[in-house]
Amino acid sequence: MIGPTFLFGLLIACVAGWVYTVYRMSRRVHALERSKEEIQVEESLVFDFLHGLGEAFRETIRPNELHRLIVEGATRVLDASGGALYLTDRTGTKLMPAYISKGCPPLVEVPPDILQQAAGTPSALESYVRLHNVAVGEGLLGRVWQGGHPVSLNELSEAPELGKMQTTTFAAGAVMVSPLLYGRQNMGVLAVANGAKGSRFSQSDFVVFKSISEQSAFALYNAIIYSEANEKKRLDHDLEIARDIQRVLLPAEAPAVVGLDVYGINVPAHQVGGDYFDYIKVDDNHLGIAIADVSGKGVPASLIMAICRTVLRSQAANNLSPGDVLKSVNRQLYPDIKEDMFISMLYLIVDKTGGITLARAGHDSPLLYKSESQNVIPLKPPGMVLGIDSGSVFDRLTNDFTVPLERDDCLVLYTDGVTEALDNDENEFGVERLIASIRANAQKGAQALVTRVIDEVRDFAGSTPQHDDITLIAIRKT
């Protein structure tokens, strides 16, 4: 028979068990609540980090500010002692420190003499780390960058270069490093670290860190794209200014010459080009007309063109020999033109009676339309391009050549952008088509002839983009 004492003891045991269970459940609930709070805090930190990256691109952000945002954000989210961002240099052969936060242990091997110096002067170590570039495969950072896989180390046996500092106050205890990959771009590495006495990183920390690294890579890639877009916009603006300046250097209209109908045009392939033509007052009775083509395209060619214009104008005044002018121009340009550049030029002088004398420096042969026979004759006086000979050969080849121009005859000067214009099948417009166009349009006047040739070149090219500058000048005797 069960006694009262036993029943009472059983009741006490049940109550104690229930109290213990409630206590354990309460502790578990509190633990879950704390865990929930920690997760919420972590989520909040990650959200703040991502939000900060997003806000950074609402307006132009300086690269160093973005680098600081990434490192300090990662450090804050993971409660690390410090962090570092290393980015690939322009050559793609080494990592350069972009931002290293205060409190970040050195993540590169430090020479013993620097460590010894740092014991008394901590700034020596900081200077070394901030100036040290990392080669491919060098140390933990170089290996992660090369291998393309993130690592989390709570023991530094896999990073012996860092293990050497374990006896110093600068030692790292735990490190996470991730490559910054976006598409095929490997832009560098992001790292966070704790000191030797700091806590270890958990697996969940590593998951969060990899996510931060992915978002950071995306942000850095976008920053590069924005920077390139802004740079392109700035360059386009500069080129627009350069085009306006070059347009000023080219004649807006032909001067009136008694007995002659003159018209010229320049159509650059890019914002700025290397073709050049000019009308120059030689004296009260003579007009100089020049056409030139600088090898190459774009800004370099346009700069050489501007130099050539200045030199030609300085030598043309009161000199009635086109050959002598070109010889002087060549002597001045030769020392300053690179070996892979040259200028072809044709320069002629018209007198008040309509007589023409020309000299050719390797330029395309001018085409003479004879009204009486309706033939087009290429004029081929000898001459070599400017800038490749100091004068010993150039002076011997370059001489004056008189052009017999009768009433209604027309002399056409052009650059190879006309004859070498390509159609969709990469066929060239060619000299024969140009001659046919001159023969068909020469009687219509200089402007009508030039306009019609340009139209025919464009019709021939179709949808093929213009690849070279086009310059045309027509001189018709009236």
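Start by selecting aspartate 278: in this predicted model, it is buried, with a relative accessible area of 1%. Now add arginine 313, whose side chain forms a salt bridge with aspartate 278, the closest N and O atoms being 2.8 Å apart. Arginine 313 belongs to helix 8 (residues 298-316) and aspartate 278 to strand 8 (residues 275-283), so this bridge ties together parts that are 35 residues apart in sequence. Unlike its buried partner, arginine 313 is partly exposed, at a relative accessible area of 35%.

**Either side of aspartate 278**

Keep strand 8 in view and select phenylalanine 277 and tyrosine 279. How are their two rings arranged? They make an edge-to-face aromatic pair, with 5.7 Å from centre to centre and 80 degrees between the planes. Both phenylalanine 277 and tyrosine 279 are buried.

**More aromatic rings**

The model has four aromatic pairs. For another of them, select tyrosine 182 and phenylalanine 218: the ring centres are 5.5 Å apart and the planes stand at 50 degrees, so this pair is tilted. Tyrosine 182 is in strand 5 (residues 172-182) and phenylalanine 218 in helix 7 (residues 203-249), so the two rings connect parts that are 36 residues apart in sequence. Colour by accessibility here and you will find tyrosine 182 partly exposed at 31%, with phenylalanine 218 also partly exposed at 37%. Add Tyr221 to the selection as well, since ring pairs link Tyr182, Phe218 and Tyr221 into a cluster.

**The open sheet**

Next, show the strands as a cartoon. In what order do the six strands of the open sheet run? The order is 3-2-1-6-5-4, and the pairing is antiparallel. At the edges you will find strand 3 (134-135) and strand 4 (151-153), each pairing on one side only. Now zoom in on strand 1 (residues 82-88), which pairs with strand 2 in the antiparallel sense over five bridges. To see one residue match, select tyrosine 86 and look across to strand 2, where its bridge partner is proline 97.

Turn next to helix 2, which packs on this sheet and touches strand 1, strand 2 and strand 6 (185-195). The direction of helix 2 makes about 140 degrees with that of strand 1.

**Along helix 2**

Stay on helix 2 (residues 63-77) and pick threonine 75. Is threonine 75 buried or exposed? Its relative accessibility is 11%, so threonine 75 counts as buried. Leaving aside residues up to four places away in sequence, threonine 75 touches Ala80, Ser81, Gly82, Gly83, Ser101 and Val192.

Still on helix 2, select glutamate 72 and arginine 68. Their side chains meet in a salt bridge, at 3.1 Å from N to O. The two residues are four apart in the helix, so about one helical turn separates them. Glutamate 72 is partly exposed, with a relative accessible area of 29%, and arginine 68 is partly exposed with a relative accessible area of 29%. Add Glu65 to see the wider arrangement: Glu65, Arg68 and Glu72 are linked in a network of salt bridges.

**A bridge between loops**

The model has 13 salt bridges, and one more is worth a stop. Select glutamate 109 and lysine 164, whose closest N and O atoms are 2.8 Å apart in a salt bridge. Which parts of the chain does this pair link? Glutamate 109 sits in the loop between strand 2 (94-100) and helix 3 (112-120), while lysine 164 sits in the loop between helix 6 (160-163) and strand 5, 55 residues apart. Glutamate 109 is partly exposed at 37% relative accessibility, whereas lysine 164 counts as exposed at 56%.

**Helix 5 and the glycine after it**

Move to helix 5 (residues 139-147) and display its buried residues: Gly139, Leu140, Leu141, Gly142, Val144 and Trp145. Just after helix 5, check the backbone of glycine 148, which takes a positive phi of about 80 degrees.

**Last stop: cysteines**

Finish by selecting cysteine 308 and cysteine 410. Cysteine 308 is buried at 1% relative accessibility, and cysteine 410 is buried at 0%. How many disulfides does the model contain? The count is zero.

How values were computed: Residues are numbered from 1 along each chain as its sequence is written. This is a predicted model: local features need pLDDT of at least 70, side-chain atom pairs count only at pLDDT 80 or more; totals for chains, interfaces and linings use all residues. Side-chain values use heavy atoms; hydrogens and water are left out. Rings of Phe, Tyr and Trp (its six-membered ring) pair if their centres lie within 6.5 Å; planes under 30 degrees apart count as stacked, over 60 as edge-to-face and the rest as tilted. Buried means under 20% relative accessible area, exposed over 50%, partly exposed in between (1.4 Å probe, protein chains only). Contact means heavy atoms within 4.5 Å. A salt bridge is a side-chain nitrogen of Lys or Arg within 4 Å of a carboxyl oxygen of Asp or Glu. A disulfide is a pair of cysteine sulfur atoms within 2.5 Å. Two strands pair if DSSP finds at least two bridges between them. Axes are lines fitted to C-alpha atoms, for helices over the stretch in contact, and angles run from 0 to 180 degrees between N-to-C directions.
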